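User: Can you walk me through this model? I'll ask as I go.

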Amino acid sequence: MAAGIDDVAIYIPRLYLDAADFANARGLDPVKLQKGLGVSQMAIVDANQDPACLAANACLRIMEKNNLSPDDIGRLYISTESAFDESKAMNSYVIGMLEQVYGQGSFEHCGGVETKFACVSGSYALYDNTNWIRAGEAEGKSALVVVSDIAKYDMGSSGEMTQGAGSVVMLLNDKPRLLEFDPKVTSTSIKDEYDFYRPFGKETPIVHGQYSNLLYMIQVRKALEAYKKRVVATNLIEMKEGETILDHMDYINMHLPYSNMGKKALAYLVRHEWRQLPRWKNILEQIGTEEPIPKDPRGTIESVLGDEEFMAKDHEFTKMFTKTQEYQDVYESKLSSSLIASSMIGNLYTASLYLGFRSSLEFEYQKGVDLEGKRIGFGSYGSGSSAMVFSGVVQPEYEDIVKSMNLEAEIGPRRRLTWSEYEDLHENKLTPEESKMHTKKEFVLVDVKTETESRGERRYVFTN
Ligand code: COA
C-alpha cells in the first residue's frame, strides 16, 4: 500500500531576533551569521508560547485547510526535544487544545505518543506512521506527525547564534498528494555519543558544536551507505557505471541546525560519493591538490578535530571543491531552495529538516520547475546520535498543495525584538500575561501551576 505526505503546515512564532542585532550585541561580525552560518533571523517564542501550543496551532491550520474532522485522524504523534514533562506526553496537551475548538472528547480515539531522539525523532515518527498506513491498520484514517521545538541555547554560548522556534505538521495517508515514500529503503545508523544533550531539569543543551557537526556528517554518510545497499537490493533505482546514488536524487533535504550546515553536509556527502568515480580526476585537476588526509586516518573524531594542520587544509580543500562548477550545479539544483526558510527562521531542531522540505517545494515551484516524479532524498540527524536516510517521489497532485504555499504569509506579520526584550524572554522574566504579541485565533499558554499538588499543570486558551 502507498503511503506518504499529503499536506504540510507550519506555525512559526512571529517574534524574531535579527542577526545584525545579535552580532551587534555580542560584538561579532554580522557577516559571520549572515554568510558564515546563513542565519538572517531567528524566530523567538513569546512569553505565552511553548512547544505544545506551537504544535496545536500548526495542527489546527492543517485540519482547517483540509476540512478534516477529528474522526479523520487516527494518530497524532509529536516529536520534540523541548519536552517540559518527564511523563505526560506532548500530544495529550495538543489534543486538549484542539478539543477546545472541536469539542470535548472529539479526539478520544486518536492514539499517539511523544517521541524523543534529538532532531531525528520526527523522521522515526514519520517512518512508523507510514508503516501503520502501509500495514492497513489506518483503515482510511490519516496520521498527523508534528515536529515542534524551541532551539534555545545558553546566553553567550556559541550555539546562541543558531536559535529558532517553530512547528511543522505533516498529514500522512494512503493517497498522498505531495510525496509518496519509497518502500523498503529507509536506513539508519546509531552510536552512543555525547555531542549534544540536555540533562533532566536543564532548559538548554550541553553542546560540543564542532564535534556535533562532524558526527552529523559521519552518521548521515553511514546511513547513506546502508540506503544505497537497500536501493540496489530492492531494484528501486538502476545504477549505471560511474554513477552515484545522489545523481538519482533530484533534491536532497538535509537536517539544518543552521542553514549553512546543509551546505557543509552536502559537500561532505558529494565528496565521499564522487571520490570513487571517474569524475573525481577532473575535480582534483581543477582544485590542483590531492585530498588532505588526517595524520591518523583511523582516529577518533577528537583526533581529527585536534589535527589542526589537517583541519586547515581540509577547510581549504572543501572551499575549492564547493567552488567547482560541478558541485555548484548539484548545490543549486538539489539543495539551495531548501535553505531559504532556515535563514529566515533559524533552528527548529526536529522540524528543521521538514521546514527545509517545505521550503524546497515552495521555492522550486516558484522557479517554474515541474516537480512531478522528482525523487527527494532526506538526510536526517539527531545528536546522541542517530541518522536516517530515506526518499520519496513527488506525486502528480502536488501542484494543488504547492501552488498556494507562501512562507511569508504563513509566518504572518513579524515583530523585531530589541536586545533587552530578547534578554527578558530568554531568561524567562515575563509571565504569559506580559506577552509581546496579542494574536487572534491561536492557542496560547495562560498559566503553569506552581502549587505542590498541581505543579506543572498547564492551561491554554484559544484566543478570540
Ligand atoms: N565572516 C564570514 N564568515 C565567517 C566569519 C566572518 N567574519 N567568521 C566566521 N565565519 C564563518 C566560518 O569560517 C565558519 O564557516 P565554515 O563552517 O564554512 O568554516 C562559520 O562562519 C562558523 O564559524 P565558526 O568559527 O565555525 O563558528 P563557531 O565555532 O563560533 O560556532 C557552531 C559555530 C555552529 C559550531 C555553533 O554555533 C554551535 O555549536 N551551534 C549549535 C549547533 C548544534 O545545535 N548542533 C547540534 C545539532 S546538529
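Analyst: A definition to begin with: the expected span of a helix is 1.5 Å times one less than its number of residues. Helices (H or I, at least four residues) and strands (E, at least two) are DSSP runs, numbered from the N terminus. This is a predicted model, where local features need pLDDT of at least 70, side-chain atom pairs count only at pLDDT 80 or more, and totals for chains, interfaces and linings use all residues. Residues are numbered from 1 along each chain as its sequence is written, and side-chain values use heavy atoms, with hydrogens and water left out.

User: What span should H7 have, and how far apart are its end C-alpha atoms?

Analyst: Helix H7 (residues 259-274) has 16 residues, so 22 Å is expected; the end C-alpha atoms are 23 Å apart, which agrees.

User: Is H7 largely enclosed or exposed?

Analyst: Largely enclosed by the rest of the structure, because 13 of the 16 residues of H7 are buried. Buried means under 20% relative accessible area, exposed over 50%, partly exposed in between (1.4 Å probe, protein chains only).

User: And how much of the whole protein is buried?

Analyst: 56% of the 464 residues. The secondary structure comes to 16 helices and 17 strands.

User: Switching to the ligand. Which residues are closest?

Analyst: Tyr153, Ser158, Gln210, Lys264 and His315 are the closest of the 20 residues that surround the ligand. A residue counts as near if one of its heavy atoms lies within 4 Å.

User: Which helices supply the shell?

Analyst: H2 (30-37) and H6 (209-233) each supply at least two residues. The largest share, four residues, comes from H2.

User: What polar contacts are there?

Analyst: A polar contact with the ligand is a pair of N or O atoms within 3.5 Å. Among them, an N or O atom in the side chain of Asp29 is 2.9 Å from a nitrogen atom of the ligand. Polar side-chain atoms of Lys32 and Gln210 each lie 2.8 Å from an oxygen atom of the ligand. The protein covers 73% of the 970 Å² of accessible area that the ligand has on its own (Shrake-Rupley method, 1.4 Å probe).

User: Backbone next. Where is Ser385, and what is the peptide bond from Gly384 like?

Analyst: Ser385 lies in the loop between strand S13 (375-382) and strand S14 (386-394). The bond from Gly384 to Ser385 is cis, with omega near 0 degrees.

User: What about phi of Asn67?

Analyst: Phi of Asn67 is near 55 degrees, a positive value in a residue other than glycine. Asn67 is in the loop between helix H3 (51-65) and strand S4 (73-79), and is exposed at 71% relative accessible area.

Note on methods
Polar contact = N/O pair within 3.5 Å; in protein donor to acceptor, adjacent residues only side chain to side chain.
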